[in-house]
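Here is a friendly walk through a structure, told in questions and answers. Have your viewer open and follow along.

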Amino acid sequence: MQKRYDAIVIGTGISGGWAAKELCENGLNTLVLERGRMVKHIEDYPTMNKDPWDFKNRGEKSLKDIKRQPKQDRTGYTTRPASKHWFVDDIKHPYNETKRFDWMRGYHVGGRSLMWGRQSYRLSDIDFEANKKDGHGVDWPIRYKDIAPWYDKVEKEIGVSGQNLGLKQLPDGKLSEPMELNCVELDLQKNISESFDDRVLTIGRVAHKTGDALHKGRSNCQFRNRCIRGCPFGGYFSSNSSTLPAASDTGKMTLRPNSIAHEIVYDEKKGIATGVKVIDAITKEAIFFEADIIFSCASAMGTTSILLQSKSERFPNGLGNDSGELGHNVMDHHFKVGASAEVDTHQDKYYKGRRPNGFYIPRFRNIDKKSKSDSFLRGYGYQGGARRSGWQRAVSEMSYGTQLKEELTKPGPWSVGMTAFGECLPYHENKVTLNYKKLDEWGLPTLNFDVEYKENEKKMRVDMKKQAIAMLEAAGYKNVRGYDSPCFPGNGIHEMGTARMGHDPKTSVLNKNNQIHTVKNVYVTDGACMTSSACQNPSLTYMALTARAANHAAKKFHKESKKK
Amino acid sequence: MNRRTALKNLTLSLGYVVSAPTIFNVLSSCKSDVVTWKSVFLSEGEKHMVTHLVDIIIPASNIPGGLDVNIPEFLDRMYLDVETKLKKNQFQKGAAIFAESFQKKTGKDILKGSKEEILTLFEMYFKLPEEKQEEIIENQRVKESKITASEKSNYLLYKFLFSVRYYSLFGYFSSEKVGKEVLNYDPVPGVYHGCVPLDEIGNAWSL
């Protein structure tokens, strides 16, 4: 196998797929490394068409399965037979916790782009300026105008359905036809608009194909809501359905699964990285691949582990880690707080189709003087939905017999719920480090997490619950119940921030183009690059930053090739 | 069920279009006797109780009943593969208490108990005034370790009965027959319409 390439991309998830596509489309011979197994679009989605009765135990997770995935099981849903094969075996891939951290991940081609939540929201200048304004973390080296054209490009190519609202905290996008709200959600939307002048309810923006735009090899969302299993229609965006086929079509991509990248090699004389050290996951053979450009898109924690392992005389604490910030400032979104209610109207109405989406209430706290909170910084948004209940409504009853059975063949009453997703501040002491005492089966160090939510997040949660209750009560719904369940970092599956972008090499790892400040041919464009977390689901931003960085790298590559 | 009564019920049933194969399926499953199958978790006595209880909780009518979709077999498999040690233990203890109670009431071993006799005992525990029912349901939410010794036996008995009831509902509504023939089955909807008159759809969606 060829050992030298123009570029190497580590990882095939949402960022790696975009890096591969953009570099290949710009003509660079690109080696794409994936530590896990091959997953081909459609061919390798074993559960995509299964009905509940097709699964052993009707799709419930078995005790035997959970034994291999005790940490992945912390979400409660990912380890079911429908999707457990997309999540790692915790025994084979251990990590350590000084404090509990729920590190949810899958090692396979496509990474978490196969199982992601698909909610796609732009960050705004309120987010890019937040650190500078309140002094937490460091200033983002970019502003909205720097990323806006890349958001445009990414949204058009992946297909994002939703509604533009002209809000300053949620910039408009290039959106395709929005999905419908159901009757109760429309009712709640109207009630919120009437009772609150600071907030709105809209349909979620999701990376699902709707409308007439063409996306090669993909058809429109079929409303099956089985996205987490892989979609035979390519109804939602994934690396497997979109970016990797596009990269492959150029003839420039070499995809190598089962390739564990563990070190980026730095050349002291040249002052750049020369390649990537890989262990073949199956044969355990050590291989060195060389390239002019390296993109680390191994996920926030994967990238951090690789950079921390990349030690040299120049960088004894990890590649590009002059600042000492590598591995620090771990962030995620805190959630599992909100409210639900019962709705006794609209009993003669129902819906058709299983919408893989819900409603969204964009952030309304701390976006201007008027909305400033006295108790916490930053903000949160809500995601929720309304539905009619199924047979489960009768579980806590003592009824039995024919009448019960026949009653349960009809849809039950409506209920509505919402969950808030809140911003987490970047705290230096929230960190991940390498543990060389506990090695994995490839002899590589394992990660150790020391992360917690702090006062600002806790205070924010009080308001997150209170406002959810207030909205459902204002709508006149019954049995409004707030909740604030324990929520551990990682469980939002938006871990980020460990190799942050910034202006200054003394306080950050990456520059405004996602290059390591001091090793310019290494780019990091996964969640590790995030300077603040904002409260929006982050994948769209990773994709936009990746596309932007890859085009920056390709331009530079072509300019330098001409000189040679 | 008597075949003639079954047919009459089918023709009388409103708002639910029954296809010919469905009629055949319903009628061919009109035997209330225990189908022969080998349990992987349940003891013979437990299997006997569960089978009759499922038939009591979800009897066959003009649509299939719990035994038509093999719920006892489903419960048996779930207890082996899915339920935790604690739940397994509660189930077995609760079942033993039910069997013991049956013995006291009828003087018979549970294995000799007919459906009617088991129904009589079940009604003693389940056909209760609303306040009593709420009290029991509330008590079931308490952890076993917090239950006093004198309450323990009743607590476990209800754990058993509620579990059979839960798996009856779960097994019934997630079964292929009910999912495809009773509920509305639409594996590839192709659209999402958020607000449709219920009359146009009828029964609940199965997926």
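What follows is a set of questions on confidence, folds and the chain contact.

This is a predicted model, in which local features need pLDDT of at least 70, side-chain atom pairs count only at pLDDT 80 or more, and totals for chains, interfaces and linings use all residues. Residues are numbered from 1 along each chain as its sequence is written, while chains are lettered from A and ligands numbered from 1 in the order in which they are written.

Q: What ipTM does the predictor give the complex?
A: Two scores come with the complex as a whole. The pTM is 0.94, and the ipTM is 0.93.

Q: Where in chain B is the pLDDT below 50?
A: pLDDT is the predictor's confidence in each residue, from 0 to 100. Chain B averages 87, and 83% of its residues score at least 70. The stretch with pLDDT below 50 has 25 contacts beyond near neighbours in sequence (a contact means C-beta atoms, placed from the backbone, within 7 Å). That stretch is residues 1-34 of chain B.

Q: How many helices does chain B have?
A: Helices (H or I, at least four residues) and strands (E, at least two) are DSSP runs, numbered from the N terminus. From that end, the elements of chain B read α-α-α-α-α-α-α-α-α-β-α. Beside the one strand, the number of helices in chain B is 10.

Q: Is Y5(A) buried or exposed?
A: Y5(A) belongs to strand β1 (residues 4-10) of chain A, and its contacts, leaving out residues up to four places away in sequence, are N29(A), T30(A), L31(A), F289(A) and A291(A). A residue is buried if 20 or more other C-beta atoms lie within 10 Å of its own, exposed if 12 or fewer, and partly exposed in between, with C-beta atoms placed from the backbone. Because Y5(A) has 24 other C-beta atoms within 10 Å, it counts as buried.

Q: What distance separates the C-alpha atoms of Y5(A) and M253(A)?
A: Along the chain, Y5(A) and M253(A) are 248 residues apart. In space, their C-alpha atoms are separated by 9.8 Å.

Q: Which residue is the bridge partner of L434(A) in β15(A)?
A: Strands pair if DSSP finds at least two bridges between them. β14 (431-439) of chain A is an edge strand of the open, mixed sheet β3-β15-β14 (chain A), and six bridges join β14(A) in antiparallel fashion to β15 (residues 445-450) of chain A. One bridge sets K431(A) against D450(A). For L434(A), the partner is L447(A).

Q: Which residue in the turn between β14(A) and β15(A) has a positive phi?
A: β14(A) and β15(A) form a hairpin, with five residues between them. The phi in question is about 80 degrees, and the residue is G443(A).

Q: What angle does the direction of α6(A) make with that of β12(A)?
A: The sheet in question is open, has six strands in the order β4-β11-β12-β13-β9-β16 (chain A), and pairs antiparallel. Its edge strands are β4 (202-203) and β16 (478-484) of chain A. α6(A) packs on this sheet, touching β9 (337-343), β11, β12 and β13 (414-422) of chain A. Axes are lines fitted to C-alpha atoms, for helices over the stretch in contact, and angles run from 0 to 180 degrees between N-to-C directions; here the angle is about 140 degrees.

Q: Which element gives the most to the side of chain A that touches chain B?
A: The contact takes 39 residues from chain A and 39 residues from chain B. On the chain A side, α6, β10 (349-352) and α9 (402-407) of chain A give two or more residues. With four residues, the element that gives the most is β10(A).

Q: Which residue is the bridge partner of K352(A) in β1(B)?
A: Pairing also crosses between the chains: three bridges join β10(A) to strand β1 (residues 193-197) of chain B. These two strands run antiparallel. Opposite K352(A), the partner is H193(B).

Methods
Contact = placed C-beta atoms within 7 Å.
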